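Please look over the sequence and the model shown here. The paragraphs after them go from the whole chain to its parts.

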Amino acid sequence: MTKTQKKIPENTTLPLIIDGRKILLCNANGTHYAIENNCSHQDTPLERGRIRGNFICCPLHGVRFNLETGEPMGQLTKKAIQTYPIEEKGDLLTINILNI
Ligand code: FES
C-alpha cells in the first residue's frame with residue numbers, strides 16, 4: 001500500500017496511520033523520512049521526539065534513532081525501528097509500505 005501526502009515543514013513530524021500501521025513522517029532539514037512511530041525500547045510513540053540532524057530522539061528516555069536506517073544509538077535498545085521508502089514529486093510524497 002502507498003499513501004500520498006503533502007510535504008511537512010522542516011524539523012517537524014506528522015503521525016499517520018497507513019494500512020493500520022503507525023507511521024511517523026519526519027522532515028529533517030528538508031529531507032523527508034517515514035519511520036515506525038514506536039520506540040523499540042518501551043513502545044512509546046516517537047511523534048514528540050526532537051529531530052537533530054538525521055536522528056529523532058525518543059521523548060521518554062532519549063534513545064536516538066537514525067531516520068534513514070532506523071538503527072538506535074546508546075545502550076537502552078539494540079532493536080532498529082522500521083523505515084519506509086519515500087518518493088518525492090514536487091510538493092507531494094509517496095510513502096510506500098508495500099512488502100514491509
Ligand atoms: S521508551 Fe524510547 S527510549 Fe525508552
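What follows is a walk through the model, starting with the overall make-up and ending with a single residue.

The structure is a predicted model. Its protein chain has eleven strands and zero helices. In sequence order the pattern is therefore one of strands throughout, β-β-β-β-β-β-β-β-β-β-β. The radius of gyration of the protein chain is 13 Å, close to the 13 Å that the globule rule gives for 100 residues, so the chain is as compact as a globular protein of that length. Along the principal axes, the C-alpha atoms fill a box of roughly 40 × 30 × 20 Å. Of the 100 residues in the protein chain, 23% are buried. Among contacts with a separation of 6 or more, 36% join residues that are 24 or more positions apart.

Two sheets can be traced next. One of them is an open sheet of three strands, in the order β1-β11-β10, and its pairing is antiparallel. Why do β1 and β10 each have one side left without a neighbour in the sheet? Strands β1 (2-6) and β10 (86-89) stand at the edges and have a single partner strand each, so nothing in the sheet lies on the other side. From one strand to the next, the twist averages 20 degrees.

The pairings in this sheet can be followed one at a time. Five bridges link β1 to strand β11 (residues 92-96) in the antiparallel sense, and T2 has N96 in β11 as its bridge partner. On β10, the antiparallel pairing with β11 is made by four bridges, with E87 opposite T94 in β11. The strands β10 and β11 also form a hairpin, with two residues between them. In the turn of that hairpin, G90 has a positive phi of about 60 degrees.

The other sheet is open as well and has four strands, ordered β5-β6-β7-β8 with antiparallel pairing. Its edge strands are β5 (51-52) and β8 (72-73), each of which pairs on one side only. Between β5 and β6 there are two bridges, in the antiparallel sense. At one position in this pairing, R52 has F55 in β6 as its bridge partner.

The nonpolar interior comes next. The largest nonpolar core has 18 residues, and the members that touch the most others are I23, L24, C26, A34, I35, F65 and L67. Strands β3 (21-28), β4 (31-36) and β11 each supply at least two residues of this core. The largest share, four residues, comes from β3. One of the core members named above, A34, can be examined through its contacts. Leaving out residues up to four places away in sequence, A34 touches I23, L25, T83, Y84, I86 and I95.

The last stop is one residue in the sheet of four strands. C57 lies in strand β6 (residues 55-57). Is C57 buried or partly exposed? C57 has 18 C-beta neighbours inside 10 Å, and because a buried residue needs 20 or more, C57 counts as partly exposed. Apart from neighbours within four places in sequence, C57 is in contact with G49, R50, R52, G62 and R64. Among these, R52 is also the residue whose bridge partner in β6 is F55. C57 can also be placed relative to P72: the two are 15 residues apart in sequence, and their C-alpha atoms are 9.5 Å apart in space.

Note on methods
Residues numbered from 1 in each chain as written. Predicted model: local features only at pLDDT ≥ 70, side-chain atom pairs only at ≥ 80, totals over all residues. Buried ≥ 20, exposed ≤ 12 C-beta atoms within 10 Å, placed from the backbone. Contact = placed C-beta atoms within 7 Å. Pairing = 2+ DSSP bridges. Axes fitted to C-alpha atoms, helices over the stretch in contact; angles between N-to-C directions. Rg over C-alpha atoms; globule rule 2.2 N^0.38 Å. Core = buried A, V, L, I, M, F, W, Y, C linked by C-beta atoms within 7 Å.
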